[in-house]
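Trainee: Hi, could we go through the cavities in this structure together?
Mentor: Sure, let's bring it up and start.

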Amino acid sequence: MSTSDELQILPPSKLVVDHVTKSFHTQRGWLKALDDVSLTVDEGEFVCLVGPSGCGKSTLLNLIAGLDTPESGTLSCDGMPITTTGRDRGVMFQEHALFPWLDVLGNVLFGLNLKPSLNKAERVEIARYYLQLVGLGRFIHANVHELSGGMKQRVALARALAPNPRILCMDEPFAALDAMTREQLYADLQRIWDQRKKTIIFVTHNVREAVCLGDRVVLFSPNPGRIREQFRIDLQRPRDINSVELAEHATEITRALKQHNAKREVAE
Amino acid sequence: MKRVLVILGFFGGLVVLWQALVSAGLWSPVLLPPPADVARYLWRAIVDGSLAEASWITMKRLMLGYVIGCVLGLPLGLATARSKYLSDTVGVLALGLQTLPSVCWVPLALLWFGQTETAMLFVVVMGTLWSVLIAVDNGARNLPPIYVRAARTMGSKGLHTLVKVILPASLPFVVSGMKQGWAFAWRSLMAAEIYVTILTGYGLGHLLHFGRELNAMDQVIGVMLIIVLIGLLADKVLFSPWEKFLQKRWGTGK
Ligand SMILES: Nc1ncnc2c1ncn2[C@@H]1O[C@H](COP(=O)(O)OP(=O)(O)OP(=O)(O)O)[C@@H](O)[C@H]1O
Ligand SMILES: [Mg+2]
């Protein structure tokens with residue numbers, strides 16, 4: 001196998017979440033983090049999951065990543081049931097989760113080293129390609145603690161992309177960054193998504209962020225965690241988070257979000 | 001350059017102070033020999049090879065026991081961190097035995113193994129093993145779970161996760177545990193050597209012991225200096241590179 005094989009653009013995959021329920025045991029009894037959630041994500045789609053804290057967004061993402069198993073219901077990727085983690089699904093967490101004992105290159109190589117079909121030179125070439133893609137070509141030998149928050153998340157993105165997954169699961173990856181850095185990353189992420197043809201599931205609190213990035217925004221509500229409403233966003237790309245059209249969409253979704261909250265309070 | 005001068009000045013000053021105390025004649029020269037006497041002893045011991053031989057014998061015992069202790073302690077520590085049963089049994093045992101000053105193993109080792117190399121080895125292993133085990137256990141336990149989760153998403157599992165994630169992630173704990181293990185092993189070996197005469201080889205502890213028997217204060221102080229020197233050297237050679245690595249990658253200390 002050669003590097004160009006490894007770097008080829010794979011057809012993005014189709015993800016199906018079918019009637020999934022997941023509960024956790026807490027001090028106050030059982031808590032339904034996800035209640036009968038169904039969701040289909042098209043190939044190459046960019047889907048954003050939004051909703052108030054505790055509505056099960058991370059739980060769903062962990063299930064898709066295969067880091068956890070559902071209580072009932074099934075998840076499948078390209079028709080294959082998801083039972084555990086797999087290199088076809090890359091994950092990026094809110095914390096960068098980079099390994100401090102490795103330098104930047106070593107971190108990106110971590111997943112590539114687990115691909116037996118590649119030799120060492122090819123792995124390094126691929127890792128360099130992705131570091132270039134996220135704009136860190138000049139920092140390959142830096143130590144993790146020497147990078148800024150935004151740079152760390154860029155490395156984490158390169159690391160998640162390096163094994164060439166078809167789905168990218170991102171759990172509030174930019175939440176801890178300042179607005180300027182975030183805006184830069186929105187632009188970069190849209191470019192990379194387009195260039196590498198990935199399916200992306202992106203969790204966020206931030207409605208504007210969701211509208212800026214997603215083809216579709218899925219609104220969740222908590223207690224129990226359910227999908228409330230879905231919004232298709234067909235604004236032109238690349239999108240600017242400060243544009244007026246985008247703000248209009250965001251306002252609509254925010255209103256829906258508040259309505260669901262209000263309804264819930266009345267019901268209680 | 002300035003650092004070197006400060007160091008030389010400080011230790012030179014200590015020698016001068018020592019000489020001044022001797023010259024003041026407060027103590028008999030039998031109890032406090034002048035630095036020149038100690039230097040003369042060291043020179044003689046170096047020339048006739050007795051110092052090199054004793055150091056070699058001591059280092060051999062220490063290294064062998066230390067390596068065995070680490071080789072046992074590392075996997076055991078990883079195992080106790082991961083298994084509840086092992087941590088309730090081996091873990092508790094280690095915690096208890098670690099509080100036992102390792103010198104206390106000497107009488108038992110003598111009764112079990114007699115005045116043999118095995119007894120020496122046993123004492124050193126006991127000094128090393130428990131503190132290494134506990135440090136590794138501690139390190140693996142306090143690991144942020146996100147590392148293992150991130151590794152799993154990239155296809156790492158089982159032994160690969162253990163060796164490539166859990167072990168390096170616990171490195172700060174492992175290094176400090178190995179350092180402590182080294183300190184314990186070194187102390188207990190010296191105690192054992194001073195306490196027990198073993199016919200298969202005289203180590204530094206024995207030289208110290210004979211120095212006392214002969215009332216040869218120059219020998220006692222000379223050997224003590226060598227023991228201090230070896231301790232410093234071990235720190236520089238064995239642990240400095242690791243600590244530098246930790247500092248570079250983790251960005252701690254400075
Ligand atoms: N491992 C766990 N053990 C117990 N309860 C859990 C666990 N993981 C999640 N929960 C609970 O499940 C619910 C959903 O959690 P989840 O992390 O999915 O929410 P979220 O939508 O990601 O929230 P946030 O926006 O704050 O990240 C929460 O009430 C949480 O307390
Ligand atoms: Mg979350």
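Mentor: About 40 Å³ of space lies in the second largest cavity. A cavity is a set of points on a 1 Å grid over the protein atoms alone, where a 1.4 Å probe fits but cannot get out. Its volume is the space filled by probe spheres set on the points, which are joined across faces, edges and corners. This is a predicted model, and totals for linings use all residues. Residues are numbered from 1 along each chain, and chains are lettered from A.

Trainee: Which residues line the second largest cavity?

Mentor: Lining residues have an atom within 4 Å of a point. Among them here are B:Val106, B:Leu110, B:Met120, B:Val123 and B:Ile198. Helix 5 (105–113) and helix 6 (117–141) of chain B each give two or more residues; helices are DSSP runs (H or I, at least four residues) and strands are E runs of at least two, numbered from the N terminus.

Trainee: How does that lining divide into nonpolar, polar and charged?

Mentor: Nine nonpolar, no polar and no charged. Asp, Glu, Lys and Arg count as charged, and Ala, Val, Leu, Ile, Met, Phe, Trp, Tyr, Cys and Pro as nonpolar, with the others, Gly among them, polar.

Trainee: And what volume does the largest cavity have?

Mentor: About 100 Å³. Its lining has 14 residues, with A:Val91, A:Arg159, A:Ala160, B:Thr153 and B:Met154 nearest the centre.

Trainee: Which element gives the most to that lining?

Mentor: Strand 6 of chain A, with four residues. By class, the lining of the largest cavity has eight nonpolar, three polar and three charged residues.

Definitions and conventions
This is a predicted model: local features need pLDDT of at least 70, side-chain atom pairs count only at pLDDT 80 or more; totals for chains, interfaces and linings use all residues. Side-chain values use heavy atoms; hydrogens and water are left out. On a 1 Å grid over the protein atoms alone, a cavity is a set of points where a 1.4 Å probe fits but cannot get out, and a pocket is an open set with protein on both sides within 12 Å along at least five of seven lines; lining residues have an atom within 4 Å of a point.
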